[in-house]
Amino acid sequence: MNDETDHRPLTLRDVSEASGVSEMTVSRVLRNRGDVSDSTRQRVLETAKRLGYVPNKIAGALASQRVNLVAVIIPSMSNMVFPEVMTGISAVLDETPLQPVVGLTHYKPEREEAVLYEMLSWRPSGVIIAGLEHTDASRAMLRGAGIPIVEIMDTDGEPQDAVVGISHRRAGREMARAIIAQGYRRIGFLGTKMPLDHRARKRFEGFTEALAKEGIEVTDQEFYEGGSALKKGREMTETILTRSPNLDFLYYSNDMIGAGGLLYCLDQGIDVPGRIGLAAFNGVELLDGLPRQLATMDACRAEIGRKAAEIIARRALDAGGEPPPDRIVLTPTLSFGDTLRR
């Protein structure tokens, strides 16, 4: 974590000094008021973006210059992963004056930048943001915010401030080792085409790395675009098994497409896990009602939300006592279910 001086909120004076114009001119540019030359306007805007300065929409309105809001910036609410994170966050913040406010990025860095800019302009008491990969402008805003920042879900990288999550590369490696240990060798991978889903990419990297150490390569791959769904999993599984009927294991990047794959195999009378084994990732409780339990690995979602909110609450409310760790690495649990031999 940076020292306290690094967390001082940026001011108009910082932008004024860096751009070489008066604070009044900076204020006019950022409020889009007054007569300012185009060259000066451009210089001020570029300087503000480089520094990560965000205009204060409540300046002068509140003595504290902060509102009891916690900005929670996540990619999506369309599957069960992030709603469970939100449940963990709310469980902690409900016991405090703080209130979470959610912004969605849809896995788009430029959208994350816009959401972060807007939320910081309201001077929240903290930020919880998914992932460790951000644009330069987003990183500058996080550095200059002067408030507690917690990046969540992923610990494979260097955080701006605090971080709570799991190692996705390790999760991928552990799943590969379990599959290899049960004698599976002709392995297919089914996942997303989204190059900006960094956590899925890191799991795949860890997975293929562990396979390579045993002289095994992924035999075939099938990718999809759009949301994760049972129907997608069915279609992808049919496609990859039609193309590569000798596969003896399918590893899915998430539980929803994995569940679709399981239902397809059962419909086709395929022996699972004898003829073919299946495994996925996330440990979504919604799938407990399937005819068979899908092998999976939980992502510690609710606990990630709780730990992140505890860090924000303690720092923002100056609760005292033993400060929470700045880096919390949780350990997911592998469940063999009924689709991975033991």
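Select Val164 together with Ile328: the two residues stand opposite each other, Ile328 belonging to S11. The model is a predicted one, in which local features need pLDDT of at least 70 and side-chain atom pairs count only at pLDDT 80 or more, while totals for chains, interfaces and linings use all residues. Residues are numbered from 1 along each chain as its sequence is written, and side-chain values use heavy atoms, with hydrogens and water left out.

**Strand S5 and its partners**

Extend the selection to S5 and to strand S11 (residues 327-329), which pair in the parallel sense over 3 bridges. Strands here are DSSP runs of E with at least two residues, helices are runs of H or I with at least four, and both are numbered from the N terminus. Two strands pair if DSSP finds at least two bridges between them.

Next, add strand S4 (residues 149-154), which runs parallel to S5 and is joined to it by 5 bridges. Within this pairing, select Met153, whose bridge partner in S5 is Gly165.

Now display S5 alone, residues 162-166. 5 of its 5 residues are buried, so the strand is largely enclosed by the rest of the structure. Buried means under 20% relative accessible area, exposed over 50%, and partly exposed in between, with a 1.4 Å probe and protein chains only. In a regular strand the side chains alternate between the two faces of the sheet. Colour Ala162, Val164 and Ile166 for one side of S5 and Val163 and Gly165 for the other; both faces are covered, and these residues are all buried.

**Thr237 in helix H9**

Move to helix H9 (residues 230-243) and select Thr237 within it. Thr237 counts as buried because its relative accessibility is 0%. Show the side chains of Thr237 and Tyr252, which are joined by a polar contact of 2.7 Å. A polar contact is a pair of N or O atoms within 3.5 Å; within protein, one must be able to donate a hydrogen and the other to accept it, and residues adjacent in sequence count only if both atoms are side-chain atoms.

Then add the surroundings of Thr237: leaving aside neighbours within four places in sequence, Thr237 is in contact (heavy atoms within 4.5 Å) with Leu190, Leu250, Tyr252, Gly261, Tyr264 and Cys265.

**The whole chain**

Finally, zoom out to the chain, which has 11 helices and 12 strands. Its C-alpha atoms fill a box of roughly 75 × 45 × 35 Å, taken along the principal axes. Of the 342 residues, 51% are buried.
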